[in-house]
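Open the model in your viewer and follow the stops below. Each one gives you something to select and then tells you what is there.

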Amino acid sequence: MSAAITSCGAAPVILTGDRPTGPLHLGHFVGSLRNRVRYQDTCRQYIMIADAQALTDNMDDTRKVNLNVIEMALDYLAVGIDPKKSTIFIQSQVPELAELAFYYLNLVSVARLERNPTVKEEIRQRGFERDIPAGFLTYPASQAADITAFKASLVPVGEDQIPMIEQSNEIVRRFNRITGRDILVEAKALVPEMGRLPGIDGKAKMSKSLRNMIHLHASPDEIRAAVKQIYTDPLHLRIEDPGHLEGNVAFIYLDAFDPDVAGLAELKAQYVRGGLADSIVKARLEACLQEALAPIRTRRQQFEKARGDVLQLLQEGTAQARETAAQTIAEVKAALGLRYF
Ligand code: TRP
């Protein structure tokens, strides 16, 4: 498996990952998964299943995290992430990451962690108030460890994660300055051009609690039912009325999934002029989604039948990731003088 990656010697290193807390959905597909399939040909890509990070706010439901690790791997493989090109690994099985995070905690203040806008917002969403798990508050240091262990220069993330990359880079700069060596590498956030995909109800984000998502492994019937419910233009009451495209989820999804760009532009013009029924827009969207998701579903079913092989792939990827992380932690400890024998 590692042999296939040698051609990427001078390629940029990418580190990316997801918390395994639930099935992946169309938002993940558009925002990250399909980009990963592209990056894996030109970059040295590490994809981490962040089970340890997921525990920072799921300690009361570890089973949910455990079960979703393999589910996430199945989704990765189903969309075409190729373990011969990308290294897929499980965070908790690379203890070097925890070790690295332990040292990084000394390079960041509690006040700075509390000011991190992503952490701040997540604390608010989760309703922790004063009962913030220390592991949760400090997860930016752990995320810095994830990124720097692989000397990643690019980290594909949504806009909301940019403060994480900034904080990671602060840690890198402090470490390199204090030790006087350029061991750690700063990373750039790689934010997708296409914004976040809204939920089918028009809310800004797909989320489990809002029940407004389409899962990557949705059945044809589930896709049909979801498209029927999709939020369009509430002012478009009669077919002849002019319709609006802003905030119209059917068109936002078409932008993401319809390969016929010219045809879609025509459809939009007609909608805006008036005289085009929502049902026609939705039928086109349904066809696009069915076509995009069918091969993913088929591939997933194949991998589901070979769970043993999937575990084996994860084990190999994890061993490979561990080797790289071990090299970095050795350099870091040497730079800190933590070498006695
Ligand atoms: N925080 C990411 C998420 O919520 C997962 C993650 C963990 C990650 N470590 C990372 C992403 C490092 C990018 C880089 O899904």
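**Stop 1: helix α4 and its surroundings**

Start with the buried residues of α4, which pack against β2 (44-49), β3 (86-90), α8, α9 (162-179) and α14 (307-335). Keep in mind throughout that this is a predicted model.

Now select helix α4 itself, residues 95-104. Which of its residues are buried? They are E96, L97, L100, A101 and Y104. These buried residues sit on the same side of α4, because they cover an arc of only 140° around the axis. Turn the helix to its other side. There A98 and F102 are exposed.

**Stop 2: the ligand**

Select the ligand next. Show the residues that surround it: L15, G17, D18, R19, M48, A50, Q53, Q143, D146, I147, V155 and Q161. Colour this shell by class and you get five nonpolar, four polar and three charged residues.

Zoom in on the nitrogen atoms of the ligand. What lies 3.1 Å from a ligand nitrogen? It is a polar side-chain atom of Q143. Move to Q53, where an N or O atom of the side chain is 2.9 Å from a nitrogen of the ligand. Then pick D146. An N or O atom in its side chain is 2.8 Å from a ligand nitrogen.

Switch on the surface. Taken alone, the ligand exposes 360 Å². The protein buries 89% of that. Which elements give two or more residues to the shell? They are β1 (13-18) and α8 (139-149). You met α8 at the first stop, as one of the elements that the buried residues of α4 pack against.

**Stop 3: R36**

Go to helix α1, residues 26-39, and select R36. Is R36 buried or exposed? Its relative accessible area is 2%, so R36 counts as buried. Draw a distance from its side chain to that of T16. A polar contact of 3.0 Å joins the two.

Now show what else R36 touches. Setting aside residues up to four places away in sequence, the list is T16, G17, D18, Q45, I47, Y76 and I81. Two names should be familiar: G17 and D18 are also among the residues that surround the ligand.

**Stop 4: D75**

Select D75 in helix α3, residues 62-79. D75 is buried too, with a relative accessible area of 2%. Follow its side chain to the backbone nitrogen of L24, which it reaches at 3.4 Å. Apart from neighbours within four places in sequence, D75 is in contact with P23, L24, L216, H217 and R300.

**Stop 5: helix α11**

Select residues 249-257, helix α11. How many of its nine residues are buried? Seven are, so the helix is mostly covered. Highlight V249, A250, F251, Y253, L254, A256 and F257 to see them. They pack against α1, α12 (261-273) and α13 (278-304). Helix α1 is the one that holds R36.

**Stop 6: P198**

Move to the loop between β5 and α10 and pick P198. At 9% relative accessibility, P198 counts as buried. Show its contacts, leaving aside neighbours within four places in sequence. They are K203, A204, K205, M206, V249, I252 and Y253. Of these, V249 and Y253 are buried residues of α11.

Add Y231 to the selection. P198 and Y231 are 33 residues apart in sequence. From C-alpha to C-alpha they are 10.0 Å apart in space.

**Stop 7: two positive phi angles**

Stay in the loop between β5 (188-190) and α10 (220-229) and select R211. R211 has a positive phi of about 50°, although it is not a glycine. Is R211 buried or exposed? It counts as exposed, at 75% relative accessibility.

Finish at K151, in the loop between α8 and β4 (154-156). Its phi is near 50°, again a positive value in a residue other than glycine. K151 is partly exposed, with a relative accessible area of 26%.

Terms used: Residues are numbered from 1 along each chain as its sequence is written. This is a predicted model: local features need pLDDT of at least 70, side-chain atom pairs count only at pLDDT 80 or more; totals for chains, interfaces and linings use all residues. Side-chain values use heavy atoms; hydrogens and water are left out. A residue is near a molecule or strand if one of its heavy atoms lies within 4 Å of it. A polar contact is a pair of N or O atoms within 3.5 Å; within protein, one must be able to donate a hydrogen and the other to accept it, and residues adjacent in sequence count only if both atoms are side-chain atoms. Accessible areas come from the Shrake-Rupley method with a 1.4 Å probe; for residues, only the protein chains shown count as cover. Helices (H or I, at least four residues) and strands (E, at least two) are DSSP runs, numbered from the N terminus. Ala, Val, Leu, Ile, Met, Phe, Trp, Tyr, Cys and Pro count as nonpolar, Asp, Glu, Lys and Arg as charged, and the others, Gly among them, as polar. Buried means under 20% relative accessible area, exposed over 50%, partly exposed in between (1.4 Å probe, protein chains only). The arc is that of the directions from the helix axis to the C-beta atoms. Contact means heavy atoms within 4.5 Å.
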